[in-house]
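Here is a short set of exercises to work through with the model open on your screen. Try each task yourself before you read the solution.

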Amino acid sequence: MGRRAELTRLVRRSVALSGVAVLGFPGAPRAQQDQPGGWRAARDRMVEEHLRSPPRPVPPIRDTAVLRAMRRVPRHEFVPPAYREHAYANRPLPIGRGQTISQPYVVAHMTELLELEPGEKVLEVGTGSGYQAAVLAEITDSVFSVEIIEELARLARRRLRRLGYGRVRVRHGDGYRGWPEHAPFDAVVVTAAPEEIPPPLLRQLAPGGRMVLPKGPADRTQTLTVVRKRLDGTVDRREVSRVRFVPLRRDTAGARR
Ligand code: SAH
């Protein structure tokens, strides 16, 4: 495909994604609790409606391991009680400290792009509520996650343990630096937006590894980018869609306070 055609495709897809999947949609989500079947049924419906058959032209999620993980992780346990009834709507929700849990489609989309296999080692930057980490933990046993806000790291660690995801390792710190003690990683997912690909994360990616990150300016939409490190160490980048994430913070001073 020529550069121009490629750009047109990207822009078309961006519009589609930003309208529906990424920037959320207006309209009141249904209350889940008074629906028959409770949380489990609400989760199955979320997977069917928003992931397997999203409104066109948003591409459906097809990876069966990802769909299975999304059916299993109780998202309502990762959002504040006030938002619980909206837990299975396709929306981002506030989790405190000015941060948000991404919408389910985006979590599934990024996880699918990681092409994670059981047994592989994955690093997440931006633990937040711990939801994305739990989804990863449904696919592989080896999940590492770094969060810069100490309180969120502590709450996520406790929540993950309570829900049976105690194997996930959560660290409080600046994820820009990765987690060198556990590198290399087969997959890296960044859930806050850096302006450029953080060099330490690229260094900590194993040959054959994949990194998925929203790259771009803090105050606008970013480009969801997939970086692949080939076996010979060279790097290949692909821009997939437009998304909106909170910025990746870059100071460790905030982490120490
Ligand atoms: N993945 C999360 C949502 C992420 S929101 C979930 O599933 O709930 C983005 C998170 O990235 C926020 O919690 C924010 O505090 C964190 N963050 C921002 N900059 C960071 C950095 N440099 N290192 C680690 N975490 C960072």
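**Exercise 1. The closed space**

How many cavities of 30 Å³ or more does the count come to?

*Solution.* Keep in mind that this is a predicted model.

Step 1. The count comes to one cavity of 30 Å³ or more.

Step 2. Next, its volume: the largest cavity holds about 40 Å³ of space.

Step 3. Now select its walls. Ala137, Thr140, Asp141, Ser142, Val143, Tyr165, Arg167 and Val168 line the largest cavity.

Step 4. Sort that lining by class, and you get four nonpolar, two polar and two charged residues.

**Exercise 2. The ligand and its shell**

Find the residues that come nearest to the ligand, and work out which polar atoms they place beside it.

*Solution.*

Step 1. There are 26 residues around the ligand, and those that come nearest are Ser129, Glu147, Asp174, Gly175 and Arg249.

Step 2. Look at the ligand's oxygen atoms. One lies 2.6 Å from a polar side-chain atom of Ser129. For Glu147, an N or O atom of the side chain is 2.6 Å from an oxygen atom of the ligand.

Step 3. Turn to nitrogen. With Gly175 the backbone takes part: one of its N or O atoms lies 2.7 Å from a nitrogen atom of the ligand.

Step 4. Check how far the ligand is covered. On its own it exposes 580 Å², and the protein buries 99% of that area.

Step 5. Trace the shell back to secondary structure. Strand S2 (99-101), strand S3 (121-125), helix H5 (131-137) and strand S4 (142-147) each supply at least two of its residues. The largest share, three residues, comes from S2.

Step 6. Finish with the classes: eleven residues of the shell are nonpolar, eleven are polar and four are charged.

**Exercise 3. Two pockets**

Describe the largest pocket and the second largest pocket by volume, lining and residue class.

*Solution.* A general idea helps here: rolling a probe the size of a water molecule over the atoms shows where empty space is left.

Step 1. Start with the largest pocket, which has about 510 Å³ of space. This pocket is the space that the ligand takes.

Step 2. Its lining is made of 36 residues; Thr100, Gly126, Thr191, Ala192 and Val246 lie nearest its centre.

Step 3. S2, helix H4 (104-114), S3, H5 and S4 each give at least two residues to this lining. S2 gives the most, with three residues.

Step 4. By class, the lining of the largest pocket divides into 18 nonpolar, 13 polar and five charged residues.

Step 5. Move on to the second largest pocket, with about 220 Å³ of space. Of the 17 residues that line it, Glu77, Phe78, Ile95, Leu155 and Arg159 are the closest to its centre.

Step 6. Strand S1 (93-96) and helix H6 (150-162) are the elements that give two or more residues to the lining of the second largest pocket. H6 gives the most, with six residues.

Step 7. The classes here are seven nonpolar, three polar and seven charged residues.

**Exercise 4. Backbone surprises**

Which peptide bonds, one ending at Pro57 and one at Pro184, are cis, and where do these prolines lie?

*Solution.* Recall the general rule: most residues other than glycine have a negative phi, and most peptide bonds are trans.

Step 1. Go to the bond from Arg56 to Pro57, which is cis, with omega near 5°. Pro57 sits in the loop between helix H2 (38-52) and helix H3 (64-72).

Step 2. Then inspect Ala183 and Pro184, which are joined by a cis peptide bond with omega about 5°. Pro184 is in the loop between strand S5 (169-172) and strand S6 (185-190).

**Exercise 5. Positive phi**

Locate Arg97 and Glu115, and give the phi value of each.

*Solution.*

Step 1. Arg97 is in the loop between S1 and S2. Its phi is near 55°, a positive value in a residue other than glycine.

Step 2. Glu115 is in the loop between H4 and S3. Here phi is near 50°, again positive in a residue other than glycine.

Key: Residues numbered from 1 in each chain as written. Predicted model: local features only at pLDDT ≥ 70, side-chain atom pairs only at ≥ 80, totals over all residues. Heavy atoms only, no water. Near = heavy atom within 4 Å. Polar contact = N/O pair within 3.5 Å; in protein donor to acceptor, adjacent residues only side chain to side chain. Areas by Shrake-Rupley, 256 points an atom, 1.4 Å probe, with all protein chains shown as cover. 1 Å grid on protein atoms, 1.4 Å probe; cavity = no way out; pocket = protein on both sides within 12 Å on 5 of 7 lines; lining within 4 Å. Sits in = over half its atoms within 2 Å of the grid points. Helix = DSSP H or I, 4+ residues; strand = E, 2+ residues; numbered from the N terminus. Nonpolar A, V, L, I, M, F, W, Y, C, P; charged D, E, K, R; others polar. Points joined across faces, edges and corners; volume = space filled by probe spheres on them.
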